[in-house]
Amino acid sequence: MIEGEDKISKALIYLMQNQGSFYAELFIRMIRIEGKDTLPPNALLAVLPTNGRIYLYTDVERLKDLTIEQVAKGLEHEALHIVMDHAGRRCDRHPEGWNYAGDLAINSLIKDMDVGLIPGKGQFKDFPLKKSAEEYWELLKQMSQQQQSQGSKCNSPSAHGKKPD
């Protein structure tokens, strides 16, 4: 089994071989910070643009159970948050709800994405593919309002403090 940091390096090589140098250029400039305490709960990877720099946060211990392809898709996902300027477009929206919207926008673009929030699958089976984060934000608001009016809070983003407002 490949260890964490080495797995990230191999996943970056995988991305370059399968997607070209685009992602490599982004990740070369990122500052890597390892440690589960630096990540949001349940996250394996995260990116954060701060003061003109982009930080890649990782939990290499939890990455050990993933395949190189899964780590590569996770890295691609995080890079697309930067490319799509999701942090800059959040405005005054609820951070976690906006992250859901961004995840839906990104995951509908990544070929064969099979984990995470995916339009057309699971709770989001009625969501169309390839929409912007703003469009998914509106759909999440509608979903949350519908579930609240039906008295169901168990599966709504608001049930976990992630209400798009």
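**Exercise 1. Which side chain of opposite charge is nearest to Glu76, and how far away is it?**

Start by placing the residue: this is a predicted model, and in it Glu76 sits in helix H4. Next, look for a partner. The nearest side chain of opposite charge is Lys73, 7.4 Å away. A salt bridge needs the nitrogen and the carboxyl oxygen within 4 Å, and Glu76, though buried, has no salt bridge.

Now check what else Glu76 meets. Its side chain makes a polar contact of 3.2 Å with the side chain of Tyr23. Leaving aside residues up to four places away in sequence, Glu76 touches Leu15, Gln19, Tyr23 and Ile110.

**Exercise 2. Find the residue that forms a salt bridge with Lys73, and work out how the two are placed in H4.**

Step one is the partner: Lys73 pairs with Glu69, with 3.8 Å between the closest N and O atoms. Step two is the spacing. Both belong to helix H4, which runs over residues 68-83, and they are four residues apart, so about one helical turn separates them.

Step three is exposure. Lys73 comes out as buried, because its relative accessibility is 12% and the cut-off for buried is under 20%. Glu69, at 38%, is partly exposed.

**Exercise 3. Take stock of the salt bridges, then compare the pair Glu25 and Arg29 with the pair Glu134 and Arg89.**

The structure has five salt bridges in total. As a reminder of the chemistry, side chains of opposite charge can pair when their charged atoms come close.

Take Glu25 and Arg29: their side chains meet at 3.0 Å, N to O. Glu25 is partly exposed at 40%, while Arg29 is exposed at 53%.

Now the other pair. Glu134 and Arg89 form a salt bridge with the closest N and O atoms 2.5 Å apart. Glu134 belongs to helix H7 (residues 133-149) and Arg89 to helix H5 (residues 86-89), so this bridge ties together parts that lie 45 residues apart in sequence. Glu134 is partly exposed, with a relative accessibility of 26%; Arg89 is partly exposed as well, at 24%.

**Exercise 4. Check the length of H7, then sort out its buried and exposed faces.**

Length comes before faces here. H7 has 17 residues, so at 1.5 Å a residue the expected span is 24 Å; the end C-alpha atoms are 24 Å apart, which agrees.

Then list the buried residues: Ala133, Tyr136, Trp137, Leu140, Met143, Ser144 and Gln147. These cover an arc of only 125° around the axis, so they sit on the same side of H7. The face turned away from that buried side carries the exposed residues Gln145, Gln146 and Ser149.

What covers the buried residues? The cover includes H5 and helix H6 (95-107). To finish, look just past the helix: Gly151 follows H7 and has a positive phi, near 80°.

**Exercise 5. Is Leu104 buried or exposed, and which residues does Leu104 touch?**

Locate the residue in helix H6. With a relative accessible area of 0%, Leu104 is buried.

For its neighbours, skip residues up to four places away in sequence: Leu104 then touches Leu117, Ile118, Pro119, Phe124, Phe127, Tyr136 and Leu140. Tyr136 and Leu140 should look familiar, as both are among the buried residues of H7. One more distance to try in your viewer: Leu104 and Trp137 are 33 residues apart in sequence and 9.2 Å apart in space, C-alpha to C-alpha.

Methods
Residues numbered from 1 in each chain as written. Predicted model: local features only at pLDDT ≥ 70, side-chain atom pairs only at ≥ 80, totals over all residues. Heavy atoms only, no water. Buried < 20%, exposed > 50% of the residue type's maximum accessible area, 1.4 Å probe, protein only. Expected span 1.5 Å × (residues − 1). Arc of directions from axis to C-beta. Contact = heavy atoms within 4.5 Å. Lys, Arg positive; Asp, Glu negative; His and termini not counted. Polar contact = N/O pair within 3.5 Å; in protein donor to acceptor, adjacent residues only side chain to side chain.
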